[in-house]
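Reader: I'm new to this structure and would love a close look at one part of it. Could you take me through the nonpolar core?

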Amino acid sequence: MPKLHLFLIRSRLPEVFTALAVLGAGGAARGVEPTPPAAPAVSTFAPAADLIAAARGYAESFAAPTSDAAQFASAQAKILKDSHTLAAIALALALSDEDHPLKKSSGDLLAAAQGLAQASDVENARQAAEKIKAAVADGASGTATVEPATWHKVASMGQLMKQVTFLNNRLKRGLQKNRFEQMAGDTAQFSAQLAVIAQAVTGDTHEVQNPADTDKWFQFSAEMRDAAGELNQAIHAKNFDAATAANARLEKSCATCHEVFHNELAQ
Ligand code: HEC
């Protein structure tokens with residue numbers, strides 16, 4: 001019996017691997033995750049200045065709701081999605097090819113954002129919020145390094161998608177012709193965050209039920225990232241028509257992906 005077993009494994013290695021992959025995709029323990037394509041340089045889809053502005057906005061927004069238990073309880077859902085988003089932003093800042101003011105503290109920022117995401121009581125939340133504040137300050141230094149120094153999962157996809165909805169709605173309002181230029185500071189931040197979120201979920205293939213669809217996952221998340229990056233560039237260029245076109249591409253990317261991976265929304 002053992003001999004036969006060995007023989008089977010030897011001669012049918014590819015099939016065995018396929019079978020394992022299929023089993024893994026059924027939701028049971030998985031083997032090695034499929035490797036996503038290499039990410040483009042962060043600056044091509046999310047300028048550090050926009051990410052830093054967003055990170056500072058979140059840092060400031062955490063102060064009041066982490067100052068007392070009642071406020072914390074009522075703001076917990078928002079804090080959760082914001083802190084997960086901030087973790088993805090921190091990773092992008094750590095990996096950014098730009099020489100930016102939070103380069104030294106982005107590891108601390110990531111750790112603190114994840115700490116806040118995990119905080120279940122106001123005292124822990126307050127401490128994490130303080131660390132976040134320190135890590136986004138001008139000239140902040142830091143001790144934590146980001147490991148591995150590549151894109152990896154730092155936040156929950158469910159939380160990031162909640163943020164995607166929120167950012168996308170705010171973005172749409174800011175892209176109306178009469179406020180396009182006036183809202184450019186905000187919409188630049190929103191589009192940069194959307195691009196980062198798209199890149200952050202690329203390697204997170206847990207929603208892919210059928211391993212044969214994994215490449216589609218990589219392709220659709222890259223499409224969302226690139227559309228959001230193109231939108232960000234159009235906003236910076238103050239080009240309304242280009243922004244409108246890029247936003248249409250972005251919206252299409254949501255629908256394309258949901259059609260395959262999140263059916264109940266597409267219907
Ligand atoms: C790469 C694939 C992909 C792309 C691109 C994508 N989504 Fe999703 N989306 C998903 C998956 C998968 C879920 C389910 C996640 C979960 O519930 O954990 C989801 C969930 C959602 C939800 C439900 C979140 C909730 O509250 O539970 C909304 C709303 C949503 N997406 C909006 C968007 C919008 C808007 C865009 C485009 C700007 C977008 N998505 C782009 C895959 C994608």
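Author: Happy to; here is a walk through the core, with a short stop at the ligand on the way out. Please keep in mind that this is a predicted model.

Let's begin with the chain as a whole. It has eleven helices and zero strands. Of its 267 residues, 39% count as buried. Among contacts with a separation of 6 or more, 72% join residues 24 or more positions apart.

Now to the core itself. The largest nonpolar core has 68 residues, and those touching the most other members are L51, A88, L109, L116 and I132. Several helices build this core: α3 (48-61), α4 (69-95), α5 (106-118), α6 (122-136), α7, α8 (184-202), α9 and α10 each supply at least two residues. The largest share, eleven residues, comes from α4. Domain 1 (43-136) and domain 2 (157-266) both contribute residues, so the core lies between them. As general background, nonpolar side chains in soluble globular proteins tend to be buried together.

For a closer view, pick out I132. Setting aside neighbours within four places in sequence, I132 is in contact with A59, F62, L109, A112, A113 and L116. Two of these partners, L109 and L116, are also on the list of residues that touch the most other core members.

Finally, the ligand. There are 21 residues around it, and G158, M161, M224, C254 and C257 come nearest. The helices giving two or more residues to this shell are α7 (157-174), α9 (214-236) and α10 (240-261), with α7 providing the largest share, seven residues. By class, the shell has twelve nonpolar, seven polar and two charged residues.

Technical notes. Residues are numbered from 1 along each chain as its sequence is written. This is a predicted model: local features need pLDDT of at least 70, side-chain atom pairs count only at pLDDT 80 or more; totals for chains, interfaces and linings use all residues. A residue is near a molecule or strand if its C-beta atom, placed from the backbone, lies within 6 Å of it. Helices (H or I, at least four residues) and strands (E, at least two) are DSSP runs, numbered from the N terminus. Ala, Val, Leu, Ile, Met, Phe, Trp, Tyr, Cys and Pro count as nonpolar, Asp, Glu, Lys and Arg as charged, and the others, Gly among them, as polar. A nonpolar core is a set of buried Ala, Val, Leu, Ile, Met, Phe, Trp, Tyr and Cys residues joined through C-beta atoms within 7 Å. A residue is buried if 20 or more other C-beta atoms lie within 10 Å of its own, exposed if 12 or fewer, and partly exposed in between; C-beta atoms are placed from the backbone. Domain bounds come from an automatic or database domain assignment. Two residues are in contact if their C-beta atoms, placed from the backbone, lie within 7 Å.
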